[in-house]
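Please work through the exercises below with the sequence and the coordinates open beside you. Each task sentence is followed by a solution that goes step by step.

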Amino acid sequence: MKEQVDLVPRMDALVNELKKCEPDIVALQENKKTHNALLMEAPYIRERYYVSEFTGQQYGFKVSLLSRFPLSSLTLYNVLSRQALVGSLVINDQTFAFGSTHLTSGNNPSRRENQIEFLYDKMKSYENAMLVGDFNYCHSNDDTSDVHLRYDYEDCWPIINNTEGFTRHNKRIDRMYLRSDIARPMRMKVVAKGTVQNAVQFKSISDHWGLCVTL
């Protein structure tokens with residue numbers, strides 16, 4: 001969401017997209033104070049969600065979690081010059097953690113591997129966990145995009161879809177990984193692909209499409 005162009009209609013469109021999807025948990029990356037302020041102007045967001053703050057996030061673009069339920073814990077991790085935010089809930093007497101992250105971009109597969117291994121290690125104490133966001137997996141042949149298998153996580157998209165699941169430039173850059181004995185992905189789709197009304201230059205909500213999964 002980093003582009004400032006046409007920000008007001010784009011944030012309005014994001015709120016409308018959330019109304020259509022009605023998610024219990026929302027994970028945002030490349031959030032900024034200007035984006036967040038516009039989101040918080042929407043009654044739908046203020047009345048429905050607990051929204052994380054930017055406290056402690058050192059780097060330019062922030063990560064956020066929005067939850068319909070109060071979080072039992074909320075932890076910020078600085079991960080090799082990137083950030084991740086992990087919140088937890090108690091669901092059916094089990095702890096469930098949800099993480100929002102944005103890994104290093106470009107030709108840096110070993111750095112991304114270190115970042116994701118760090119996060120999987122930090123989240124191992126939770127009985128159930130889901131890590132989502134912009135993983136910047138640009139090329140299947142140079143990325144360690146199978147790291148999740150070593151930590152008993154599942155890549156949600158191919159479990160229930162036989163299509164590509166592209167979210168940017170014909171690549172599946174954004175991912176949702178799940179480790180759980182009580183939850184399974186039932187439906188998943190790419191969202192926020194439409195043209196933003198009243199936008200003049202930047203006619204998409206973001207430079208990435210979104211993902212929505214039902215467990």
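The exercises that follow concern a predicted model, and they go from sheets to side chains.

**Exercise 1. The six-stranded sheet**

Determine in which order the six strands of the open sheet are arranged, and which strands stand at the edges.

Step 1. Begin with β4 and β5, which run antiparallel and are joined by seven bridges; within this pairing, Leu 74 has Gly 87 of β5 as its bridge partner.

Step 2. Continue to β5 (residues 82-91) and β6, an antiparallel pair joined by eight bridges, where Gly 87 is partnered by Phe 98 of β6. The hairpin of β5 and β6 has two residues between the strands, and Asn 92 takes a positive phi near 50° in this hairpin.

Step 3. From β6, seven bridges lead to β7 (residues 128-134), and here the two strands run parallel; Gly 99 has Leu 131 of β7 as its bridge partner.

Step 4. β7 is joined in turn to β9 by six bridges, with the strands antiparallel, and Asp 134 is partnered by Asp 174 of β9. Two bridges then connect β9 with β8 (residues 154-155), again antiparallel, and Glu 154 stands opposite Leu 178.

Step 5. The order is therefore β4-β5-β6-β7-β9-β8, in an open sheet whose pairing is mixed. β4 (73-79) and β8 stand at the edges with a single partner strand each, so one side of each has no neighbour in the sheet.

Step 6. Add the helix: α4 (residues 109-122) packs on this sheet and touches β4, β5, β6, β7 and β9, with its direction at about 155° to that of β4.

**Exercise 2. Enclosed strands**

Explain why β6 and β9 are described as largely enclosed by the rest of the structure.

Step 1. In β6 (residues 94-102), seven of the nine residues are buried, which is why the strand counts as largely enclosed.

Step 2. In β9 (residues 174-179), six of the six residues are buried, so the same description holds for this strand.

Step 3. Look at the two sides of β9, bearing in mind that in a regular strand the side chains alternate between the two faces of the sheet. Asp 174, Met 176 and Leu 178 point one way, while Arg 175, Tyr 177 and Arg 179 point the other way, and all are buried.

**Exercise 3. The three-stranded sheet**

Work out how the three strands of the other open sheet are ordered, and where α2 lies relative to them.

Step 1. β2 and β3 (residues 62-67) are antiparallel and joined by two bridges, with Val 51 partnered by Leu 66 of β3.

Step 2. The order of the open sheet is β1-β3-β2, with antiparallel pairing. β1 (25-31) and β2 (50-51) are at its edges, each with a single partner strand, so each has one side without a neighbour in the sheet.

Step 3. Helix α2 (residues 33-40) lies across β1, β2 and β3, and its direction is at about 145° to β1.

**Exercise 4. Cysteines**

Explain why no disulfide involves Cys 21 or Cys 156.

Step 1. For Cys 21, the closest cysteine sulfur belongs to Cys 212, at 4.3 Å, which is too far for a bond, since a disulfide requires sulfur atoms within 2.5 Å.

Step 2. For Cys 156, the closest cysteine sulfur is also in Cys 212, but at 11 Å, again too far for a bond. Cys 156 is buried, with a relative accessible area of 0%.

Step 3. For the structure as a whole, the number of disulfides is zero.

**Exercise 5. Aromatic side chains**

Describe the arrangement of Phe 96 and Phe 98, and then the surroundings of Trp 157.

Step 1. The whole structure contains seven aromatic pairs. In one of them, Phe 96 and Phe 98 are stacked, with 4.8 Å from centre to centre and 10° between the planes; both residues are buried.

Step 2. Trp 157 belongs to helix α5 (residues 156-160) and, at 6% relative accessibility, counts as buried. Beyond four places away in sequence, the residues touched by Trp 157 include Thr 163, Arg 172, Met 188 and Leu 211.

Step 3. Finally, consider charges over rings: Arg 10 lies over the face of Phe 202, at 4.4 Å from the ring centre, and the charged end of Lys 193 sits over the ring of Trp 209, 4.6 Å from its centre.

Technical notes
Residues are numbered from 1 along each chain as its sequence is written. This is a predicted model: local features need pLDDT of at least 70, side-chain atom pairs count only at pLDDT 80 or more; totals for chains, interfaces and linings use all residues. Side-chain values use heavy atoms; hydrogens and water are left out. Helices (H or I, at least four residues) and strands (E, at least two) are DSSP runs, numbered from the N terminus. Contact means heavy atoms within 4.5 Å. Axes are lines fitted to C-alpha atoms, for helices over the stretch in contact, and angles run from 0 to 180 degrees between N-to-C directions. Rings of Phe, Tyr and Trp (its six-membered ring) pair if their centres lie within 6.5 Å; planes under 30 degrees apart count as stacked, over 60 as edge-to-face and the rest as tilted. Buried means under 20% relative accessible area, exposed over 50%, partly exposed in between (1.4 Å probe, protein chains only). A charge sits over a ring if NZ of Lys or CZ of Arg is within 6 Å of the ring centre and within 35 degrees of the ring normal.
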